[in-house]
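Reader: I am new to this structure and should like to learn how to read it. May we go through its features one at a time?

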Amino acid sequence: YGINYGDGGSDGVLSDDGGASELTITEAGYYLLNVDLSGSPYTYTATKTEWGLIGDATEGGWGESTPMTYNADTGTWSVSTTLEAGKEFKFRANNDWAINLGGDMDNLSYGGGDIKVKEGGNYLITLNLNNPKQYKARLMR
């Protein structure tokens, strides 16, 4: 089991009191939750995310993200777009580099390497963040 954390009474503060209220957010969405248990008080941040593709394999290049759409039924992000062969891309949130995923498509990591496109064409690209221990993405032609 372990310790249950809840609302510490101030914005961004956690409590380890088992009777503490649940954490709440003011706006529906998909959030990245970061927790810091190293100090006193314990703290957290909840960053709302909107995901997209970025890279020279995409139409926007490295300068403009291609937005993805969230599907609440599957809990995944997706986009249908053209990718260029021999070029690269990554996933990033909020049109900013602070939160980006790359590397192995079966185990994406924060700040991971660029993902190389072997064969160009139109793809349905799906980003699955449902398992926090193993983020995955799929390219389907």
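**Reading the fold and its details**

Author: Let us begin with the chain as a whole. In this predicted model, residues 24 or more positions apart account for 52% of the contacts with a separation of 6 or more.

Reader: How many helices and strands does the chain have?

Author: The secondary structure comes to zero helices and 14 strands. Read from the N terminus, the order of elements is therefore β-β-β-β-β-β-β-β-β-β-β-β-β-β.

Reader: What does the C-alpha trace span along its principal axes, and what share of the residues counts as buried?

Author: The C-alpha trace spans about 55 × 30 × 30 Å along those axes. Of the 141 residues, 34% count as buried. The chain exposes about 8,500 Å², and carbon and sulfur atoms supply 46% of that area.

Reader: How many positive and negative side chains are there, and how far apart do the centres of the two sets lie?

Author: The chain carries 10 positive and 19 negative side chains. The centres of the two sets lie 12 Å apart.

Reader: I should like to turn to the aromatic rings. How is a pair of aromatic rings described?

Author: The description rests on the distance of the centres and the angle of the planes. In this structure, a search of the whole model finds seven aromatic pairs. One of them is formed by Y30 and W77, with 6.0 Å from centre to centre and 80 degrees between the planes. This pair counts as edge-to-face because its angle is over 60 degrees.

Reader: Where along the chain do Y30 and W77 lie?

Author: Y30 is in strand β3 (residues 30–36) and W77 is in strand β8 (residues 76–83). The two are 47 residues apart, and their pair links distant parts of the chain.

Reader: Are Y30 and W77 buried or exposed?

Author: Here a cut-off is needed: buried means under 20% relative accessible area. Y30 has 18% relative accessibility, so Y30 counts as buried. W77 has 2% relative accessibility and therefore also counts as buried.

Reader: Which other pair may serve as an example?

Author: F89 and F91 also form an edge-to-face pair, at 5.6 Å centre to centre with 80 degrees between the planes. F89 is buried, because its relative accessible area is 0%. F91 counts as buried as well, because its relative accessibility is 0%.

Reader: Which residues form an aromatic cluster?

Author: Y30, Y70 and W77 form one aromatic cluster. Y30 and W77 are thus met again, having been described above as an edge-to-face pair.

Reader: Which charged side chains lie over a ring?

Author: R92 lies over the face of W97, at 4.9 Å from the ring centre. The charged end of R141 sits over the ring of Y123, 5.4 Å from the centre of that ring.

Reader: How should I read the surroundings of a single residue, such as T66?

Author: One may ask for its element, its accessibility and its contacts. T66 is found in strand β6 (residues 66–67). T66 counts as buried because its relative accessibility is 13%. Leaving aside neighbours within four places in sequence, T66 is in contact with G52, L53, T58, V79 and T81.

Reader: Which residues does G103 touch?

Author: G103 is found in strand β10 (residues 100–104). Not counting residues up to four places away in sequence, G103 touches L108, G112, G113 and I115. G103 is partly exposed, because its relative accessible area is 29%. From G103 to K90, the C-alpha to C-alpha distance is 8.2 Å, and the two are 13 residues apart in sequence.

Reader: Let us close with the backbone. Which peptide bond is cis?

Author: The bond from S40 to P41 is cis, with omega near 5 degrees. P41 lies in the loop between β3 and β4 (43–49).

Reader: What is the phi of N94, and what is that of N95?

Author: N94 has a positive phi of about 60 degrees, although N94 is not a glycine. N95, likewise a residue other than glycine, has a positive phi near 55 degrees. N94 lies in the loop between β9 (88–93) and β10, and N95 is found in the loop between β9 and β10.

Reader: Why does N94 count as partly exposed, and why does N95 count as exposed?

Author: The cut-off for exposed is over 50% relative accessible area. N95 has 55% relative accessibility and so counts as exposed. N94 has 33% and therefore counts as partly exposed.

Notes:
Residues are numbered from 1 along each chain as its sequence is written. This is a predicted model: local features need pLDDT of at least 70, side-chain atom pairs count only at pLDDT 80 or more; totals for chains, interfaces and linings use all residues. Side-chain values use heavy atoms; hydrogens and water are left out. Helices (H or I, at least four residues) and strands (E, at least two) are DSSP runs, numbered from the N terminus. Buried means under 20% relative accessible area, exposed over 50%, partly exposed in between (1.4 Å probe, protein chains only). Contact means heavy atoms within 4.5 Å. Accessible areas come from the Shrake-Rupley method with a 1.4 Å probe; for residues, only the protein chains shown count as cover. Lys and Arg count as positive and Asp and Glu as negative; His and the chain ends are not counted. The place of a charge is taken as NZ of Lys, CZ of Arg, CG of Asp or CD of Glu. Rings of Phe, Tyr and Trp (its six-membered ring) pair if their centres lie within 6.5 Å; planes under 30 degrees apart count as stacked, over 60 as edge-to-face and the rest as tilted. A charge sits over a ring if NZ of Lys or CZ of Arg is within 6 Å of the ring centre and within 35 degrees of the ring normal.
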